[in-house]
Amino acid sequence: MSFNIGPYNFGNCAVLAPMAGVTDRPFRQLCRSLGARMTVSEMISSRPDLRDNRKTRLRMDHQGEPGPIIVQIAGGIPQMMAEAAVYNVAQGAQIIDINMGCPAKKVCRVEAGSALLKDSKLVESILSSVVAAVSVPVTLKMRTGWSRNHRNALEIAAIAEACGIQALTIHGRTREDKYLGHAEYETMRRVKKNIKIPLVANGDIDSAKKAEMVMDITAADAIMVGRIAQQRPWILGQIDQFLTTGREADDPSKQQKLRWLTDHLRNLHAFYGEHQGVRIARKHINWQLGHNEKYKFIRPALMQADTATQQLQAIEAYFDDCYPGRFARAC
Ligand SMILES: Cc1cc2nc3c(=O)[nH]c(=O)nc-3n(C[C@H](O)[C@H](O)[C@H](O)COP(=O)(O)O)c2cc1C
């Protein structure tokens, strides 16, 4: 089974979710190299006054990434969203994704992200303004509704399709749910029955088997994976292989994990510069290794490593079981 978003064709596939503070260029490149067929940028504010700061400039950097370059924009003013879409296309975006899924207070307070779902007229105005402003495909990422009492995914999906949105991603929770409870796959299935555009199902998918189950329940065209990829970026390739061939992939070897992590850290150091790169790398190290019992023995040394070289050496020592503590071997 395959589907198109404009001129881009995708098979049964796993997509990396946009995650602010996580899915920067080095992480997207890592996930693409490990099997993600699509990645989406961290959300970029539609406010023009925020365009010229370092954080936004880095978020807009797609140098060397394989296409299609998908840029997510966030905001609640139709004209400003349309201008932001035009601006990002001029910077290289090949697909514009609109964020109506973020529950963060900072975003909802300014009537953006999932807060928009309570106002279907405004949703319609934003979507039609953005679609009319750019010639590239426009997609929408949303939740199942504004609150548990206002699950309006079916209505918003119909508006999106009528406005010319070319694919829809649904995170199966309402804004009110934040990340509580379980993703509602049944709602996605009802939406899928009502639309002709491709549907990407998202929420709580943490294994290849679960991905298959969600595809079966929802009849979605693809699935999107977020938080679990922070821990196991290779899961995207594992899901892709399982959905494509029915064969489960082996877990990567220790050597592979070490190589992927050190390559990723080097890319972070290069992308952000050594000082900031080392600090950002600490988050990724915690996400990837934090659930291993022996990690606590090396965490202090790793978090104190202040240069790129020290950080890489500490990671190699960890993978070599070469550090003080219960699991250490002589080294
Ligand atoms: C740290 C973090 C940042 C996120 N940032 C964004 C964002 O910028 N745009 C967006 O549409 N969703 C964002 N999300 C939501 C994810 O894209 C995804 O919908 C959600 O995590 C559910 O998928 P999962 O259960 O696979 O994690 C974010 C989630 C997390 C955990």
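This passage describes the sheet, the helices packed on it, the ligand site and two backbone features of a predicted model.

The strands of the model include an open sheet of nine strands, which run in the order β4-β3-β11-β10-β9-β8-β7-β6-β5 and pair in the parallel sense. In general, the strands of a sheet pair through backbone hydrogen bonds, and the pairing may be either parallel or antiparallel. At the edges of this sheet stand β4 (38-39) and β5 (44-45), and because each has a single partner strand, one side of each is left without a neighbour in the sheet. Within the sheet, strand β3, formed by residues 13-16, pairs with strand β11, formed by residues 222-225, over four bridges in the parallel sense. In this pair, Cys-13 is placed opposite Ala-222 of β11.

Helices also pack on the sheet, among them α5 and α8. Helix α5, which covers residues 120-133, touches β7 (95-100) and β8 (138-145), and the direction of the helix makes about 170 degrees with that of β7. Helix α8, which covers residues 208-218, touches β10 (199-202) and β11, and its direction makes about 130 degrees with that of β11.

The ligand is surrounded by 16 residues, of which Pro-18, Gln-72, Asn-202, Asp-204 and Arg-227 come nearest. When the residues of this shell are divided by character, seven are nonpolar, six are polar and three are charged. Polar atoms of the protein face both oxygen and nitrogen atoms of the ligand. For Asn-202, a polar side-chain atom lies 2.6 Å from an oxygen atom of the ligand, whereas for Ala-20 a backbone N or O atom lies 2.8 Å from a ligand nitrogen atom. Asp-204 also takes part through its backbone, with a polar atom 2.7 Å from an oxygen atom of the ligand. Taken alone, the ligand exposes 610 Å², and the protein buries 88% of that area.

Two further features concern the backbone in loops. Gly-67 and Pro-68 are joined by a cis peptide bond, with an omega of about -10 degrees, and Pro-68 is found in the loop between α2 (54-59) and β6 (70-74). Lys-178, although it is not a glycine, has a positive phi of about 50 degrees, and this lysine lies in the loop that runs between β9 (168-174) and α7 (185-194).

Note on methods
Residues numbered from 1 in each chain as written. Predicted model: local features only at pLDDT ≥ 70, side-chain atom pairs only at ≥ 80, totals over all residues. Heavy atoms only, no water. Near = heavy atom within 4 Å. Polar contact = N/O pair within 3.5 Å; in protein donor to acceptor, adjacent residues only side chain to side chain. Areas by Shrake-Rupley, 256 points an atom, 1.4 Å probe, with all protein chains shown as cover. Nonpolar A, V, L, I, M, F, W, Y, C, P; charged D, E, K, R; others polar. Pairing = 2+ DSSP bridges. Helix = DSSP H or I, 4+ residues; strand = E, 2+ residues; numbered from the N terminus. Contact = heavy atoms within 4.5 Å. Axes fitted to C-alpha atoms, helices over the stretch in contact; angles between N-to-C directions.
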